[in-house]
Amino acid sequence: GRNASLRAAVAPRIVPKAKSGSQISPQASYKVAVLGAAGGIGQPLGLLIKMSPLVSELHLYDIANVKGVAADLSHCNTPAQVLDFTGPSELVNCLKGVDVVVIPAGVPRKPGMTRDDLFNINASIVKSLVEAVVDNCPEAFIHIISNPVNSTLPIAAEVLKQKGVYNPKKLFGVTTLDVVRANTFVAEKKNLKLIDVDVPVVGGHAGITILPLLSKTRPAVTFTDEETEELTKRIQNAGTEVVEAKAGAGSATLSMAYAAARFVESSLRALAGDPDVYECTFIQSEITDLPFFASRVKLGKNGVESVISADLEGVTEYEAKALEALKAELKGSIEKGIAFANKQQ
Ligand code: NAI
């Protein structure tokens with residue numbers, strides 16, 4: 001059932017053994033590329049992907065320091081073969097034939113910065129990396145982690161459109177960390193077993209655009225108005241909590257790697273034919289009047305199979321207001337991304 005697959009997604013198996021009764025083909029083996037693999041997120045993400053029994057090749061790309069990361073990871077006795085690629089001249093070989101491309105390349109926040117402050121640097125990085133994806137593996141699932149995701153995802157979409165290979169079902173802004181945080185904070189507050197809690201988080205991935213739909217928490221829980229307010233704010237500001245605790249040494253990397261690995265594992269299970277894979281992600285969407293919106297989707301072999309629009313029905317007054325309030329900021333960030341991609345052509 002749903003919870004079983006959620007559990008599988010949350011807890012990647014360390015021992016590469018097929019589950020009995022698994023709906024996934026035992027021969028399933030995929031190639032995954034991580035662009036920005038020597039970074040704070042890239043290194044632990046590489047480790048977690050190396051643990052996946054669904055991966056046959058792990059391609060690690062960065063502009064520097066990736067050889068050592070690959071040598072290190074290659075000593076883990078799990079099946080995935082680890083290959084390293086350094087600098088633009090090796091990017092083509094990194095991308096050829098891969099099924100999933102994960103992009104955590106770029107600079108992270110320091111205290112006092114918003115995600116939008118990263119735009120000037122990360123927008124160009126994402127643009128150039130997605131251009132390489134267009135040329136070498138246009139059919140791959142693309143996972144965008146680099147911030148500001150509210151703008152970098154629309155940039156990626158524009159680049160793919162310009163080259164005539166845009167498939168909105170296969171382009172994802174990674175918002176899994178918002179769900180992971182929401183699940184953790186709700187379970188703590190309500191004394192629930194962590195593994196069972198699932199909170200859909202919709203909207204975008206920055207400040208008030210992150211909207212946890214606490215009323216849709218499963219298993220069903222009730223919250224006082226104060227609890228709703230406190231949990232919503234904490235989930236929205238959780239990234240800043242980490243940025244401040246790290247005091248200049250970067251932003252969330254370990255929990256982000258965990259969340260990104262869950263999204264990769266879910267994507268691979270979907271590719272392998274598991275009929276029961278759901279994740280929240282920032283995608284092209286028609287469930288609001290915004291062109292891109294994060295919500296729960298069902299994943300299948302071809303990417304997004306359906307968007308769970310029912311999550312937006314029957315929300316509380318608090319959530320309905322927050323949804324209206326986030327639209328202006330999210331719209332602005334989306335338009336900023338689209339404008340950037342088009343002016344630079
Ligand atoms: P980091 O600075 O530790 O690592 C970034 C890596 O990207 C470095 O190894 C760097 O060499 C590499 N890089 C830079 N330009 C590149 C290029 N053109 N091609 C390939 N690699 C390149 O940063 P960290 O902490 O790993 O964060 C990465 C990004 O992820 C940041 O933009 C951060 O804001 C974002 N992030 C997103 C989250 C989300 O929920 N979507 C959560 C946390 C961080």
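Helices are DSSP runs of H or I with at least four residues, numbered from the N terminus. In this predicted model, helix 5 gives the most to the shell around the ligand, contributing three residues.

**The ligand and its shell**

The ligand is surrounded by 28 residues, and those that come nearest are Gly40, Ile41, Asp62, Val107 and His205. By residue class, the shell consists of 17 nonpolar residues, ten polar residues and one charged residue. Two elements, strand 2 (55-62) and helix 5 (119-136), each supply at least two residues of this shell. The space that the ligand takes is the largest pocket.

Polar atoms of the protein approach the ligand at several positions, among them those in the table below.

| Residue | Protein atom | Ligand atom | Distance |
|---|---|---|---|
| Isoleucine 41 | backbone N or O | oxygen | 2.9 Å |
| Aspartate 62 | polar side-chain atom | oxygen | 2.6 Å |
| Valine 174 | backbone N or O | nitrogen | 3.3 Å |

Taken alone, the ligand exposes 870 Å², and the protein buries 85% of that area. Isoleucine 41 and aspartate 62, both listed in the table, are also among the residues that come nearest to the ligand. Isoleucine 41 meets a ligand oxygen atom through its backbone, whereas aspartate 62 meets a ligand oxygen atom through its side chain. Valine 174 uses a backbone atom and faces a nitrogen atom of the ligand.

**Histidine 59**

Strand 2, which supplies residues to the ligand shell, also contains histidine 59. The relative accessible area of histidine 59 is 3%, so this residue counts as buried, the cut-off being under 20%. Its side chain takes part in two polar contacts described here. One joins the side chain of histidine 59 to that of glutamate 57 at 2.7 Å. In the other, the side chain of histidine 59 reaches the backbone oxygen of cysteine 94, also at 2.7 Å.

**Leucine 213**

Leucine 213 is located in the loop between strand 8 (210-212) and helix 8 (225-246). Is this loop residue buried or exposed? Leucine 213 is buried, because its relative accessible area is 1%, and the term applies under 20%. Leucine 213 and lysine 110 are 103 residues apart along the chain, and their C-alpha atoms are separated by 28 Å.

Note on methods:
Residues are numbered from 1 along each chain as its sequence is written. This is a predicted model: local features need pLDDT of at least 70, side-chain atom pairs count only at pLDDT 80 or more; totals for chains, interfaces and linings use all residues. Side-chain values use heavy atoms; hydrogens and water are left out. A residue is near a molecule or strand if one of its heavy atoms lies within 4 Å of it. A polar contact is a pair of N or O atoms within 3.5 Å; within protein, one must be able to donate a hydrogen and the other to accept it, and residues adjacent in sequence count only if both atoms are side-chain atoms. Accessible areas come from the Shrake-Rupley method with a 1.4 Å probe; for residues, only the protein chains shown count as cover. On a 1 Å grid over the protein atoms alone, a cavity is a set of points where a 1.4 Å probe fits but cannot get out, and a pocket is an open set with protein on both sides within 12 Å along at least five of seven lines; lining residues have an atom within 4 Å of a point. A molecule sits in a cavity or pocket if more than half of its atoms lie within 2 Å of its grid points. Ala, Val, Leu, Ile, Met, Phe, Trp, Tyr, Cys and Pro count as nonpolar, Asp, Glu, Lys and Arg as charged, and the others, Gly among them, as polar. Buried means under 20% relative accessible area, exposed over 50%, partly exposed in between (1.4 Å probe, protein chains only).
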